[in-house]
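Welcome! Please take a moment to turn the model around on your screen before reading on. This report looks at how ring-shaped side chains meet one another.

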Amino acid sequence: MQRSRSHLFIIFILCCFSEGIFGQEKKEYNITAVAFYNLENLFDIYDDPKTFDDDRTPQGKDRWTEAKYRDKLKNMAYAISRIGFSETNAPPVIIGVCEIENLQVLEDLVAEPALEPFNYGIIHYDSPDLRGIDVALLYRKQLFMPEHSVSHELILYDPEEPDKRVYTRDQLVVAGLLQGERVHVIVNHWPSRSGGEKASSPKREKAALLNRQIVDSLFRTDPYARIISVGDFNDDPHNKSLKKVLGAKSEKKEVGFKELYNPMAPLAKKGIGSLAYRDGWNLFDQIIVSSSFLDSDYSRFTYYKAGIFNEQFLVTPSGQYKGYPFRSFGDGGFTGGYSDHFPVYVLLIKEKTLEPGAPGNP
């Protein structure tokens, strides 16, 4: 009799456990990609008398022709269309870009067959950079609705000639609704390491200070502001500009209220990079998120993962630079490649909500 009772008790427990597992509603999630891509000097073929773009003309050093320009556009559009595609089955909803000459090259880019079906909008301002290169934001109009944008000028002076202005890229700030949720995106292209990392570091620290001021102003308006700062920072996650001045934390557990998390830092620690130089890798291209994206509340977009998009077609297949990003220009001119940087991206995840009357919902 005791054996029979024990048997019945086990069956009862198993039935309860089964109901607990299989009675739960299966949850579905919306995964969205936000990306950044340095397009490696996406210039048109025309001389702009206000900037130093003479090399990128048919008569210039690069012999930059309409045919080469169109090949470059095709390559860039295809690469953008594939960023995060394996995880989201779609191209990025939002993508920051840099090293673009003007609005026209962006209009030509989003009109390419690889991108045209996704109806990308453009937010762009001309910056005072001497080469004429700017930053910009591309967004899928059906999924992101811009509400406000502004371009913040980074004012620098030559340390050896204090009265001489150093002209560089602005920082673009866009506020809008990502599928109904307000987010703020900052697009950056900080000063280069020309003249050496140490000598040029103060310029990037000034850029970091401007970025921090923008972030703080957003937090003053809304302490829970959802901020994404993307860009080619020309520094790695561990450098002073990002770690100390901007204050981007390398570990999630270190991130407090109204602070920033750099999800690219763990990748950099593993030696993974977005560009290569003299057989060493750097992770200059990064995406940084505010603490509000780290909540475990999946009823709104939450940070899920970060990645470097380095699929094989973007990698130099042979020669001295085998394994490096397959850049579009080398010593021999146009290579037919893409960019000297790999694009980077983060995935944001959100629980799907069923509409009333839909299957599985009353």
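The text below starts with the whole chain and then moves on to its aromatic rings.

**The chain as a whole**

What you see is a predicted model. Its C-alpha atoms fill a box of roughly 95 × 45 × 40 Å, taken along the principal axes. The protein chain has seven helices and 19 strands. Of its 362 residues, 50% count as buried. The protein chain exposes about 18,400 Å², and carbon and sulfur atoms supply 52% of that area.

Now think about contacts between residues with a separation of 6 or more along the chain. In 69% of these contacts, the residues are 24 or more positions apart. As for charge, the protein chain carries 44 positive and 50 negative charges, and the mean positions of these two groups are 7 Å apart.

**Rings that meet rings**

How many aromatic pairs are there in this model? The count comes to 15 aromatic pairs. Two of them are set out here.

| Ring pair | Centre to centre | Angle between planes | Arrangement |
|---|---|---|---|
| Tyrosine 139 and phenylalanine 144 | 5.8 Å | 70° | edge-to-face |
| Tyrosine 261 and tyrosine 303 | 5.9 Å | 75° | edge-to-face |

Why is the pair of tyrosine 261 and tyrosine 303 called edge-to-face? Its planes meet at 75°, and an angle over 60 degrees counts as edge-to-face. Tyrosine 261 lies in strand S12 (residues 260-261) and tyrosine 303 in strand S16 (residues 302-308), so this pair ties together parts that are 42 residues apart in sequence.

Are these rings buried or exposed? A residue counts as buried when its relative accessible area is under 20%. Tyrosine 139 has 12% relative accessibility, so it counts as buried. Its partner phenylalanine 144 is at 1% and therefore counts as buried too. In the other pair, tyrosine 261 is buried with a relative accessible area of 6%, and tyrosine 303 is buried at 9%.

Rings can also be linked in a group: ring pairs join Tyr78, Phe309, Phe313, Phe326 and Tyr338 into a cluster. Try to find these five residues in the structure.

**Charges over rings**

Some rings have a charged side chain over them instead. Which ring does arginine 56 lie over? Arginine 56 lies over the face of phenylalanine 329, at 4.2 Å from the ring centre. In a second example, the charged end of lysine 350 sits over the ring of phenylalanine 301, 5.2 Å from its centre.

Terms used:
Residues are numbered from 1 along each chain as its sequence is written. This is a predicted model: local features need pLDDT of at least 70, side-chain atom pairs count only at pLDDT 80 or more; totals for chains, interfaces and linings use all residues. Side-chain values use heavy atoms; hydrogens and water are left out. Rings of Phe, Tyr and Trp (its six-membered ring) pair if their centres lie within 6.5 Å; planes under 30 degrees apart count as stacked, over 60 as edge-to-face and the rest as tilted. Buried means under 20% relative accessible area, exposed over 50%, partly exposed in between (1.4 Å probe, protein chains only). Helices (H or I, at least four residues) and strands (E, at least two) are DSSP runs, numbered from the N terminus. A charge sits over a ring if NZ of Lys or CZ of Arg is within 6 Å of the ring centre and within 35 degrees of the ring normal. Contact means heavy atoms within 4.5 Å. Accessible areas come from the Shrake-Rupley method with a 1.4 Å probe; for residues, only the protein chains shown count as cover. Lys and Arg count as positive and Asp and Glu as negative; His and the chain ends are not counted. The place of a charge is taken as NZ of Lys, CZ of Arg, CG of Asp or CD of Glu.
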